[in-house]
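Reader: Hi! I am new to reading protein models and would love a close look at one part of this one. Could you walk me through some of its charged side chains?

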Amino acid sequence: MTTYRQPTKNIARKKLIKESIKYLTKGKDDSILVNEKNFSIMTEHYTKLIDQFLRSQRKYLPDSTLSSILENWNSFYKSKVIYKKPSDLKVLYLSGPEPTNDLKVFLENGISPYNIWAVEKETKYFNDALYDLKSNNIFIKIHKGSLKSFFESYPETFDIIYYDACNSLISDSNNPLDVLQELFLGRRLDSHSVLITNFSEPDISTWEEWSQIFASWYSVRDEGVPTSLFESEFADKDYRYNNIKEFAKYTKGNLPEFYSDFIRRFIPIFASDIIPYLRIISFDSVNSKFFKDNKILNSLLAEENVSIDSIEDLLKNVPHHLLSESSYPLFNFARMIKSLFEGKPKNGLYNFLFNKKEVVFKSILVFSILKNYEEHYSGYNTWVNKICKPNLMKTIHDSDFFDKAIPLTCDVPMKNLIIELIIGQYGFPYIANAKTQLSLKYKAKETWMYSDVFVLDQSRYLYDLIPSIDLFSDFFNQDLFDQIKIRVCIDLILKNHHDIDNHLFRGGTIESLYNFNSVPYSSIKKRENINNSI
């Protein structure tokens, strides 16, 4: 019988499971993106900045401002954030032929067997799993079928999902992206939860294909790249983009490092951006109300080929995503994947992005353009007019934070923050915390495995503060106290997520990300090699 009890595998599973449970119980205040302590610190600091400005204008905030905001927000926060014991947590994991390997670790760390589901699709492994459970007198719920079929059949939400895929993150068959899509789109994780993943290193026969994926991903990102890049000839993002074939060769020569980094960034962005975009575009009542017919999107890419006779033509006619590639990282990444793999044997990533009437690709296009709405005012060809209906454009135009024209904070709150709030309200993103992200690497048999703990937060204590989009402009013109709460939440989310992805809530800080010591910046830790410890 196939066994998964190698020393390195045992060490990895114990670390992964123990840390996951800790982050959702006694370590919850450290793992949630916004906690009461940091909210209080940043709100006090922000209200002082506002008060100082008002005093210079011979105006004053009421003395009760801080206490009123904190009392109101803390009451609302407690309705959204629930503290749990290990025995309260619900767990789902892939069984394999030896379900008790993981199960015993869950039980040792306080998880109730009544709150555990296991899944196994292979008939032989399912029968072996039943034997293993019976032999150990442990009785849990076990589903015969794929994880995807489980999600389709059982309307359950979990605190921890342990997805031990046993293949690489993107695969031609049994593609993990399909499972992750079903998981996040179906909101199968609780509002504050943990996703544990375990993926194998890609087979060397696929490294050429992977190198093209990595070159496409990292050539349009100015931050969020492997640290070794800054010591190479490809340190400059524009150089990577303009020499992408050479850059692809470089990533192939350093593929394990790029694969390790890609997992830790792609999955969080998948959960915080790609799936929320898809959810909104698939929500017919919202899509038809605010966005123009999808047929228009089909003709947009043809507009990339324009003639240029002057600088004015360059600025007004060339689509903005071609002038500022790093401002549209997801859209340009998807465009390059389309160019690379269209008409060739399809890979799992291409199929995910472009199957089913290209709805994923179109959703990325729409929201990448929306996030750069501010550039629409500068005369660039951003396509905003071509994708947005007039009512959405009017709402965005009329909605601004009270301090947009006042030099109060480190960043000026621009339109992209308004867009992010719309996405958050309707798209239900899961946002990862860099501080609590645990990454391991080990070789149990012949293949290197990459394991990660993603602590995810839906941040409904932020997104549920705002009204529906029809009331946005009135809300932003009237409610100062709620705007203060929103800006503080955005700042704290940025401090905990920015090192993973610097595009979420970009330019939303109150104080410098790195130099405000009262609420420190969170960084991703290096991946730990388990084989070095035994």
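Is Arg460 buried or exposed, and at what relative accessibility?

Author: Happy to help! Residues are numbered from 1 along each chain as its sequence is written, and side-chain values use heavy atoms, with hydrogens and water left out. The model is predicted, so local features need pLDDT of at least 70 and side-chain atom pairs count only at pLDDT 80 or more, while totals for chains, interfaces and linings use all residues.

Arg460 counts as buried because its relative accessibility is 9%; buried means under 20% relative accessible area, exposed means over 50%, and partly exposed lies in between (1.4 Å probe, protein chains only). Its side chain meets that of Asp464 in a salt bridge of 3.0 Å, N to O. That term stands for a side-chain nitrogen of Lys or Arg within 4 Å of a carboxyl oxygen of Asp or Glu. Asp464 has 32% relative accessibility, so Asp464 counts as partly exposed. In general, side chains of opposite charge can pair when their charged atoms come close.

The structure holds 34 salt bridges, so let us visit another. Lys371 and Glu420 join their side chains in a salt bridge of 3.0 Å, N to O. This pair links distant parts of the chain, 49 residues apart: Lys371 sits in helix H18 (residues 348-371) and Glu420 in helix H21 (residues 415-427). Helices here are DSSP runs of H or I with at least four residues, numbered from the N terminus. Lys371 counts as buried because its relative accessibility is 15%, and Glu420 is buried too, with a relative accessible area of 2%.

Lys371 also leads us to Asp273. The side chains of Asp273 and Lys371 make a polar contact at 2.8 Å. A polar contact is a pair of N or O atoms within 3.5 Å; within protein, one must be able to donate a hydrogen and the other to accept it, and residues adjacent in sequence count only if both atoms are side-chain atoms. Asp273 belongs to helix H12 (residues 255-282) and counts as buried because its relative accessibility is 3%. Leaving aside neighbours within four places in sequence, Asp273 is in contact (heavy atoms within 4.5 Å) with Leu330, Lys371, Asp501 and Leu504.

Helix H12 also holds Asp261 and Arg265, 4 residues apart, about one turn of the helix. Their side chains meet in a salt bridge of 2.9 Å, N to O, and both Asp261 and Arg265 are buried.

Terms used
Helix = DSSP H or I, 4+ residues; strand = E, 2+ residues; numbered from the N terminus.
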